[in-house]
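Here is a colleague's note for someone meeting this structure for the first time, set out as numbered points. Please read it with the sequence and the model side by side.

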Amino acid sequence: MIDNFLVEFKPWSCEFDVVHKDWLFSLMHFKGEAKYKIPVLISYAYINRPFIMDLYEEVSVVRKLINAGLDVWMIDWGYPKRSDKFFKIKDYIDYIDFCVDFIRNKKGVPYITLHGYCLGATLAIIYSSFNSGKIKNLVLQAVPVNFHTENTISLWAMHIDPVKISRALGNMSGELLNISFLLVEPVKLGLKYLNVIDNVENKKLIKDFFYMDHWIFDSPAVPGYVYEEQISKWYHRNELIRGEYELDGKRVDLNNITMPVLTIIAEKDNLTPPETTLPFFEKIPSKDKKLLVSDKGHVGLTVSRSSHKKIWPQAVDWIVKRS
Amino acid sequence: MEELRREELLELFKALPKESFELLLRNISIRERLEELWKEHASGKSLGYGERFEALFEEVFRFFFRPLEITLRGFRQLRLLLPLPELLESLENQWELIRAWRDFIDSLFSHFSIMTELSLGITTPPIVKSMIDGFRESWREKLERYYRHYYLLDVEELRVYTDYPLILTKKTTQYLLNALDEWEQFSGYYMEFKDMIRNTYKTAIREFIEIANSKRFDSFQSFRNAFIAISNQKFDSLLRSKRYLEVQGNMVSHLMDYLYRTRRFFEEMFENNPINPFATVGHVDEAHKRIMELRRKIIELEKRINELEDQKEHGGKIKSRKRTGGDLK
């Protein structure tokens with residue numbers, strides 16, 4: 001029986017080069033034949049690993065983009081150590097800016113498509129609000145902007161003191177975050193392996209399940225200062241949607257989101273439910289904005305086979321038409 | 001479910017993330033227990049809250065409780081630093097051990113002296129032999145002097161414990177006392193947190209038992225799904241309730257303060273000890289903070305230099321940007 005659980009884990013189905021490394025962060029460039037002028041830069045959430053976008057061939061968002069003829073780049077936010085405690089959100093935004101300029105120069109184009117996922121999409125919005133001229137299209141996947149919801153994770157975040165956590169631990173550890181995410185539904189998530197045990201002969205199901213598990217438990221820590229800023233300014237004070245969030249003394253104005261925007265949300269998302277995104281979608285002045293709704297959860301949106309049949313062809317088509 | 005062999009378990013441990021390995025094994029055990037309950041239910045017997053449901057609770061929640069309980073036990077580290085009677089007794093036992101060790105070292109020294117004496121007499125010219133003898137003798141004298149002082153200190157050592165609060169700096173003592181207070185608060189909130197989880201589980205199980213005893217589930221799957229659905233619903237209400245949010249928030253807060261103050265206590269002790277050769281985490285953090293600030297300034301300067309060069313060469317058009325870290329391609 002055990003043999004069936006021994007899944008050989010090899011994330012990343014697409015080939016890429018790491019074209020720039022900068023302490024904690026790096027920029028990846030995927031190999032492929034680009035037919036369209038405008039490159040796509042993916043900014044994934046810094047609390048998980050970005051290979052979820054290319055977990056394996058059948059459910060790879062990256063592969064879909066490459067196969068459509070797009071030139072795909074991705075930021076890897078790395079694994080912060082104790083010495084990275086003092087990184088701030090501003091450092092992340094600065095690196096996006098560096099990557100955008102790097103790609104614009106390499107490709108000789110004035111702007112790019114910026115594709116963010118979860119907290120990586122929150123960073124993409126902040127960046128785009130300051131640099132709308134460099135962003136041709138903005139693609140936002142399960143993006144939290146309105147943090148005051150009745151969602152359990154939001155309620156918990158509103159009742160913790162992030163300064164005490166970063167003071168004691170240095171960084172918010174990935175293990176602690178994982179335990180919190182599982183504790184949101186302790187019986188349902190704690191017993192999800194029962195289905196695997198029942199279907200031990202189903203190799204496809206076992207592979208899907210343990211590939212996901214490898215990704216779930218490969219969680220980088222969040223740098224202490226980033227965590228403080230995220231919890232106190234975004235969760236406690238909901239500064240982003242209120243238009244009060246400042247970066248380096250400059251206010252993030254959502255009225256600057258005038259470029260074409262594709263927003264993808266998941267109905268069963270228990271981490272960033274639709275109400276974290278919808279007020280933002282309604283608020284931005286972009287004249288060319290589209291909302292795609294998946295019936296999956298936060299991660300199923302990216303890796304479920306049904307999303308790859310229903311949602312991603314539409315999303316890729318939207319990007320291609322504007323590239 | 002067939003029994004897992006030891007070698008298979010090892011292979012599984014190597015192949016899976018640690019958490020998946022643990023949760024998978026726990027789920028195998030949970031499935032077996034649920035199946036036993038299902039068989040009892042299917043045979044027409046009434047279910048009751050007993051050992052088996054209690055064992056299920058432990059299997060489901062151990063994963064969540066363990067990190068907190070490890071921290072609770074970590075308190076022993078601090079307890080070892082207090083001059084408690086049992087610790088003084090254990091120190092006495094340690095002296096016995098040290099004396100035995102000293103006797104062993106004396107014997108070893110004698111052994112080497114004899115062996116050297118014998119071998120030097122055969123292989124070495126007299127002048128070298130006398131040099132080595134002299135060196136050995138001077139070492140012996142040094143050690144004897146050390147032992148004489150050591151015995152004197154032996155008695156003095158006990159006074160350290162009577163003077164304990166006066167030996168540490170005030171700040172150090174305060175961190176220790178505050179850490180103990182925080183631990184007490186944390187353990188209180190942890191107990192309440194655990195009770196809330198246990199009580200919610202019990203409420204869910206009672207409801208599940210009531211349903212199971214009033215109707216027949218036609219399959220193990222539906223029996224199991226009902227167990228999960230009812231538990232999930234009860235926990236969803238608990239985990240969003242006002243009291244739970246307060247308890248969890250306070251528990252995390254006091255836990256973090258306990259960890260921070262304990263670390264600061266040790267840091268203060270080391271930082272005030274002139275023979276301590278190590279930098280503390282606090283020192284290293286401060287260095288990293290300053291490095292980060294300098295790095296930001298360098299990046300900002302590089303950016304401005306690039307902009308100026310661009311303006312000069314390309315009339316403002318974007319040119320490749322250099323940045324600390326460097327291009328790989």
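1. Read along its sequence, chain B of this predicted model follows the pattern α-α-α-α-α-α-α-α-α-α-α, which comes to 11 helices and 0 strands. Of the 329 residues in chain B, 37% count as buried, and the chain exposes about 20500 Å², with carbon and sulfur atoms supplying 59% of that area. Among the contacts in chain B with a separation of 6 or more, 71% are accounted for by residues 24 or more positions apart.

2. One example of residues far apart along chain B is offered by B:Gln221, whose place is in helix H9 (residues 220-239) of chain B. The C-alpha atom of B:Gln221 is separated by 9.5 Å from that of B:Trp38, although their positions lie 183 residues apart along the chain. With a relative accessibility of 37%, B:Gln221 counts as partly exposed.

3. Still in chain B, the loop between helix H10 (242-271) and helix H11 (281-314) holds B:Asn276, and the side chain of this residue deserves a careful look. A polar atom of the B:Asn276 side chain lies 3.2 Å from the backbone oxygen of B:Phe270, and the side chain also reaches the backbone oxygen of B:Phe278, at 3.0 Å. When neighbours within four places in sequence are left aside, B:Asn276 is in contact with B:Phe270 and B:Glu271.

4. Turning to chain A, how do the axes of helix H6 (residues 162-169) and helix H11 (residues 224-236) of that chain cross, and within what distance do they come? The two axes come within 8 Å and cross at roughly 170°, and an angle over 145 degrees counts as roughly antiparallel, so H6(A) and H11(A) are described in that way relative to each other. On the side of H6(A) the contact is made by A:Pro162, A:Val163, A:Ile165 and A:Ser166, while H11(A) contributes A:Gly224, A:Tyr227, A:Glu228, A:Ile231, A:Ser232 and A:His236. Sorted by class, the contact of H6(A) with H11(A) has 5 nonpolar, 4 polar and 1 charged residues.

5. Is H11(A) largely enclosed or largely open? Because 10 of its 13 residues are buried, H11(A) is largely enclosed by the rest of the structure. The buried residues of H11(A) include A:Val226, A:Glu229, A:Gln230, A:Trp234 and A:Tyr235. The partners against which the buried residues of H11(A) pack are, within chain A, helix H3 (89-107), helix H4 (119-130), helix H5 (152-158), H6, helix H12 (239-242) and strand E7 (246-247).

6. H11(A) is followed by A:Asn238, a residue found in the loop between H11 and H12 of chain A. Most residues other than glycine have a negative phi, whereas phi of A:Asn238 is positive, near 50°. A:Asn238 counts as buried, its relative accessibility being 4%. A positive phi also occurs at A:Asp248, where the value is near 55°; A:Asp248 is found in the loop between E7 and strand E8 (250-251) of chain A, and at 56% relative accessibility it counts as exposed.

7. Helix H6 of chain A also contains A:Lys164, which is partly exposed, with a relative accessible area of 22%. In sequence A:Lys164 and A:Glu228 are 64 residues apart, and in space they are 9.1 Å apart, C-alpha to C-alpha. Which residues does A:Lys164 touch, not counting those up to four places away in sequence? A:Lys164 touches B:Ser253, B:Met256 and B:Asp257, and its side chain makes a polar contact with the side chain of B:Ser253 at 3.1 Å.

8. A last point concerns A:Val320, found in helix H15 (residues 305-321) of chain A and counted as buried at 16% relative accessibility. Its C-alpha atom is separated by 9.6 Å from that of A:Lys35, and the two residues are 285 residues apart along the chain. Not counting residues up to four places away in sequence, A:Val320 touches A:Tyr36, A:Ala68 and A:Leu70.

Methods:
Residues numbered from 1 in each chain as written. Chains lettered and ligands numbered in written order. Predicted model: local features only at pLDDT ≥ 70, side-chain atom pairs only at ≥ 80, totals over all residues. Heavy atoms only, no water. Helix = DSSP H or I, 4+ residues; strand = E, 2+ residues; numbered from the N terminus. Buried < 20%, exposed > 50% of the residue type's maximum accessible area, 1.4 Å probe, protein only. Contact = heavy atoms within 4.5 Å. Areas by Shrake-Rupley, 256 points an atom, 1.4 Å probe, with all protein chains shown as cover. Axes fitted to C-alpha atoms, helices over the stretch in contact; angles between N-to-C directions. Parallel < 35°, antiparallel > 145°, perpendicular 65-115°, else oblique. Nonpolar A, V, L, I, M, F, W, Y, C, P; charged D, E, K, R; others polar. Polar contact = N/O pair within 3.5 Å; in protein donor to acceptor, adjacent residues only side chain to side chain.
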